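These are my notebook entries on one structure. I set down what I looked up, entry by entry.

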Amino acid sequence: MRQTTLEIDSANLKKNFDLLANQAKGKEILVLLKSDAYGHSHSLISMALDKLPTSSKLHGFGVANVEEGIELRREGIRKPVYVMSGIQHYDEDLDRCLQTCDLIPVISSMRVLKEMAEVIAVSPTNRKVHLKFNTGMNRLGIDLSEISTCIEFLKSNPKIQVDGLMSHLAIGEKRSHPLTKQQEANFTAICKRFEKAGFTANWKHLCNSSGLESSIFPKGNLVRLGLSIYGLGNRNLIPVARWTAQVYQIRELTKGECVGYGATFRAKKKMKMAVLGVGYGDGYRRVFSNKAQVLIRGKRCNVIGNVSMDLTMVDVSHVKDIDTNDRAVLLGQDGKDRITAEELAKIAKTISWEILTGISSRVPRVFV
Ligand SMILES: Cc1ncc(COP(=O)(O)O)c(C=O)c1O
């Protein structure tokens, strides 16, 4: 095994999928594979999910840009793949690429919709799209004020086939927040206006992981799940990733000796420390210096001194019989204890998503 490894547990992934499918009550599930499947490896995750029975509610996959979509097709994935945010200019090259790779674009502005119409005007075939609306998050999306224009435009451009209508929640974890209520109401109204205008979109989707958890927009028939599929954000889910690093060396420190670059840790008494084969070059962030903990033989060990590019030091004074065959768990379960992405995110003053996507490509992802 390499010095630091991200272990991917496909059994946990499937358990999460089943649990979420159950919670989704008949809605289909679009799994977000962007940013290398939230750091988990899109190859491993899509491979594992592709083996789900056809009866499962797996609808397809979501990526951020065309390049990520091409990767999935190159790896043999046949399910629908949606390009969620990267279609911000539509030209002939992009159109050819989407057609060749069978990628479905999410269009999130009138400008791009118009560019698309112009490009496909000479084509004999239709193009399937999902339209994204800004219902209050004010990130991407066609604005409410543009709905009439959008509908009229689509009526006169029948080659654009509206397969889906979608929007994105800003605070899906807060069911009764005025913004969530407003977003749900706005999206419901948009769907009604499209129906009234004769557009029968096959898919209507508003929920991400927290939106599903809060049972927002029950009328939808698709949910887009990232974090929860990977086992975060809900106690009943099981983390899919476990990040470990090899113990390289064990050494004794006497009182007063210091550790690592900048000598930011000084031993107050005699102690035992271990050097681990992981550092900020792997995404184990420097902000964890003197703050984070790892698990070795089920025991919590404090990071001591500054995390360096390839190495991290920990206090193992209380870990009996530790040796260089041991591995430290940086993220995940060891014995009865667990280091969560939330715990690391708190130290780094960020969110779990950033911790996971920050695990660098140097760390091999392996199935266990
Ligand atoms: C448009 C869209 N839908 C769904 C998701 C999934 O969100 P989550 O990871 O919270 O489930 C994301 C994630 O950023 C997104 O951008």
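I took domain bounds from an automatic or database domain assignment. That assignment gives domain 1 (10–230) and domain 2 (241–339), and I found their C-alpha centres 42 Å apart.

I noted that the model is predicted: local features need pLDDT of at least 70, side-chain atom pairs count only at pLDDT 80 or more, and totals for chains, interfaces and linings use all residues. Residues are numbered from 1 along each chain as its sequence is written.

I then looked up helix α1 (residues 10–23); helices (H or I, at least four residues) and strands (E, at least two) are DSSP runs, numbered from the N terminus. Its 14 residues should span 20 Å, at 1.5 Å times one less than the number of residues, and its end C-alpha atoms are 20 Å apart, which agrees.

I asked which residues of α1 are buried. They are L13, N16, F17 and L20, where buried means 20 or more other C-beta atoms (placed from the backbone) within 10 Å of a residue's own, exposed 12 or fewer, and partly exposed in between. Seen down the axis, these buried residues fall within an arc of 100° (of the directions from the helix axis to the C-beta atoms), so they line one face of α1. The face turned away from the buried side carries the exposed A11 and N22.

I recorded that the buried residues of α1 pack (C-beta atoms within 7 Å) against β2 (28–32), α3 (42–50), α9 and β9.

Lastly, I located R78 in the loop between α4 (66–74) and β4 (81–83). R78 is exposed, because 10 other C-beta atoms lie within 10 Å.

Technical notes:
Two residues are in contact if their C-beta atoms, placed from the backbone, lie within 7 Å.
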